[in-house]
Amino acid sequence: MKKYECPCGYVYDPELGDMDNNIPPDTAFEDLPEDWVCPLCGAEKEYFEAID
């Protein structure tokens, strides 16, 4: 699964999930809820870019 980076520098790693927001490990970025936002700056998913 790909990692995605927010313009603020936060990287969503699907292997880790986002436990602070009840997103379990192994949750693909595409499977995040539509209302999920960056936990650091509040940016919406549309602003994230896939990284290697």
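## Exposure and contacts at five residues

Asp 52 counts as exposed because its relative accessibility is 98%. The model is predicted. Asp 52 sits in the segment that follows β3, which covers 49–51. Lys 3 lies 49 residues away from Asp 52 in sequence, yet their C-alpha atoms are 6.9 Å apart.

**Lys 3**

Lys 3 belongs to strand β1, residues 3–5. With 35% relative accessibility, Lys 3 counts as partly exposed. That value falls between the 20% limit for buried and the 50% limit for exposed.

The contacts of Lys 3, apart from neighbours within four places in sequence, are Val 11, Tyr 12, Asp 13, Pro 14, Glu 49, Ala 50 and Ile 51. Glu 49 is 46 residues from Lys 3 in sequence. The C-alpha atoms of Lys 3 and Glu 49 are 8.5 Å apart in space.

**The cysteines**

How many disulfides does a search of the whole structure find? The search finds 0. Cys 6 takes part in no disulfide, and its nearest cysteine sulfur, that of Cys 41, is 3.6 Å away. Cys 41 is likewise in no disulfide, with the sulfur of Cys 6 at 3.6 Å as its nearest. A disulfide needs the two sulfurs within 2.5 Å, so the pair at 3.6 Å does not count as one.

Is Cys 6 buried or exposed? Cys 6 counts as buried because its relative accessibility is 2%. Cys 41 has 45% relative accessibility, so Cys 41 counts as partly exposed.

The accessibility values are set out here.

| Residue | Relative accessibility | Class |
|---|---|---|
| Asp 52 | 98% | exposed |
| Cys 41 | 45% | partly exposed |
| Lys 3 | 35% | partly exposed |
| Cys 6 | 2% | buried |

**Lys 45**

Lys 45 is placed in the loop between β2 (11–12) and β3. Lys 45 is buried but has no salt bridge. Which side chain of opposite charge is nearest to Lys 45? The nearest is Glu 34, at 4.1 Å. A salt bridge requires a nitrogen-to-oxygen distance within 4 Å, so Glu 34 at 4.1 Å does not form one with Lys 45.

The side chain of Lys 45 does have a polar atom 3.1 Å from the backbone oxygen of Leu 32. Beyond residues up to four places away in sequence, Lys 45 touches Phe 29, Glu 30, Leu 32, Pro 33, Glu 34 and Trp 36. Glu 34 is thus among the residues that Lys 45 touches, although Lys 45 has no salt bridge.

Note on methods:
Residues numbered from 1 in each chain as written. Predicted model: local features only at pLDDT ≥ 70, side-chain atom pairs only at ≥ 80, totals over all residues. Heavy atoms only, no water. Helix = DSSP H or I, 4+ residues; strand = E, 2+ residues; numbered from the N terminus. Buried < 20%, exposed > 50% of the residue type's maximum accessible area, 1.4 Å probe, protein only. Lys, Arg positive; Asp, Glu negative; His and termini not counted. Polar contact = N/O pair within 3.5 Å; in protein donor to acceptor, adjacent residues only side chain to side chain. Contact = heavy atoms within 4.5 Å.
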